[in-house]
Amino acid sequence: MGLSTHVLDTVHGTPAAGMRVTLYETHGEMATLVSRFTLNADGRHPDGLLYDDASLKVGTYRLAFEVAAYFRGRGVALAEPPFLDVVRLDFGVAHADQHYHVPLLCSPWSYSTYRGS
């Protein structure tokens, strides 16, 4: 059923259009780059799923969201170093036949995530 993500900017109350995100497959402390992309106007991957249902495998993954760069680009004044720079979410896929949606709600000072549908 695949893997997807969606980011909402809780400061401006909008999707985080233009935020850079990196996807990795992880194996213990090792992380292998899968893709880098910029979120579209809806705060989502421009090509839809990060993995389609045929490509998603049981294992561990990381999504790295460039939060500080995004908020600076929106004109938010941040301290140096920023409180949050890159938010890294490490998560596991136990059932490759299910859909995994990893949303992020963020501000320069906080974030929240969950397994969405």
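1. Strand β7, which covers residues 100-106, is mostly covered, with 6 of its 7 residues buried. The model discussed in this note is a predicted one. Strand β7 is a convenient place to begin, as two pairings involve this strand. On one side of the account stands β1, which runs parallel to β7 and is joined to it by 7 bridges. Within this pairing, Leu3 stands opposite Tyr100 of β7.

2. The second pairing of β7 is with strand β8, made up of residues 111-113. These two strands pair in the antiparallel sense over 3 bridges, and Leu105 stands opposite Ser112 in β8. Together β7 and β8 form a hairpin, with 4 residues between them. Strand β7 thus has a parallel pairing with β1 and an antiparallel one with β8.

3. The chain as a whole contains 1 helix and 8 strands. Read from the N terminus, the order of elements is β-β-β-β-β-α-β-β-β. The radius of gyration is 14 Å, close to the 13 Å that the globule rule gives for 117 residues, so the chain is as compact as a globular protein of that length. Along its principal axes, the C-alpha trace spans about 40 × 30 × 20 Å.

4. Some totals complete this overview. Of the 117 residues of the chain, 39% count as buried. The accessible surface of the chain comes to about 6,300 Å², and 53% of this area belongs to carbon and sulfur atoms. Among contacts with a separation of 6 or more, 62% are between residues 24 or more positions apart.

5. In what order do the 4 strands of the open sheet lie? The order is β4-β3-β5-β6, and the pairing is antiparallel. The edge strands are β4 (30-38) and β6 (86-93), each of which pairs on one side only. On average, neighbouring strands of this sheet are turned by 20° against each other, direction ignored.

6. The pairing of β5 with β6 in this sheet can be described further. Strand β5 consists of residues 59-66, and 8 bridges join it to β6 in an antiparallel arrangement. Thr60 stands opposite Gly92 in β6. A salt bridge also involves these two strands: the side chains of Asp90 and Arg62 meet at 2.6 Å, N to O. The pair links distant parts of the chain, with Asp90 in strand β6 and Arg62 in strand β5, 28 residues apart. The two partners differ in cover: Asp90 counts as exposed at 52% relative accessibility, whereas Arg62 is buried with a relative accessible area of 19%. The value for Arg62 is to be read against the cut-off for a buried residue, which is under 20%, and that for Asp90 against the cut-off for an exposed one, which is over 50%.

7. Side chains of opposite charge can pair when their charged atoms come close. How many salt bridges does the count give? The count comes to 4 salt bridges, and one of them joins the side chains of Arg74 and Asp9 at 3.5 Å, N to O. Arg74 lies in the loop between α1 (67-73) and β6, while Asp9 is in strand β1 (residues 3-9), so this pair ties together parts that are 65 residues apart in sequence. Asp9 counts as buried at 1% relative accessibility, whereas Arg74 is partly exposed, with a relative accessible area of 37%.

8. Another salt bridge is formed by Glu80 with Arg72, whose closest N and O atoms are 2.8 Å apart. Here Glu80 counts as exposed, at 66% relative accessibility, and Arg72 counts as partly exposed, at 36%.

9. Glu80 also deserves attention for its backbone. The peptide bond from Glu80 to Pro81 is cis, with omega near 5°. Pro81 is placed in the loop between α1 and β6, the loop that also holds Arg74. A reader inspecting this loop will therefore find both the cis peptide bond leading into Pro81 and the Arg74 partner of buried Asp9.

Terms used
Residues numbered from 1 in each chain as written. Predicted model: local features only at pLDDT ≥ 70, side-chain atom pairs only at ≥ 80, totals over all residues. Heavy atoms only, no water. Pairing = 2+ DSSP bridges. Axes fitted to C-alpha atoms, helices over the stretch in contact; angles between N-to-C directions. Rg over C-alpha atoms; globule rule 2.2 N^0.38 Å. Buried < 20%, exposed > 50% of the residue type's maximum accessible area, 1.4 Å probe, protein only. Contact = heavy atoms within 4.5 Å. Areas by Shrake-Rupley, 256 points an atom, 1.4 Å probe, with all protein chains shown as cover.
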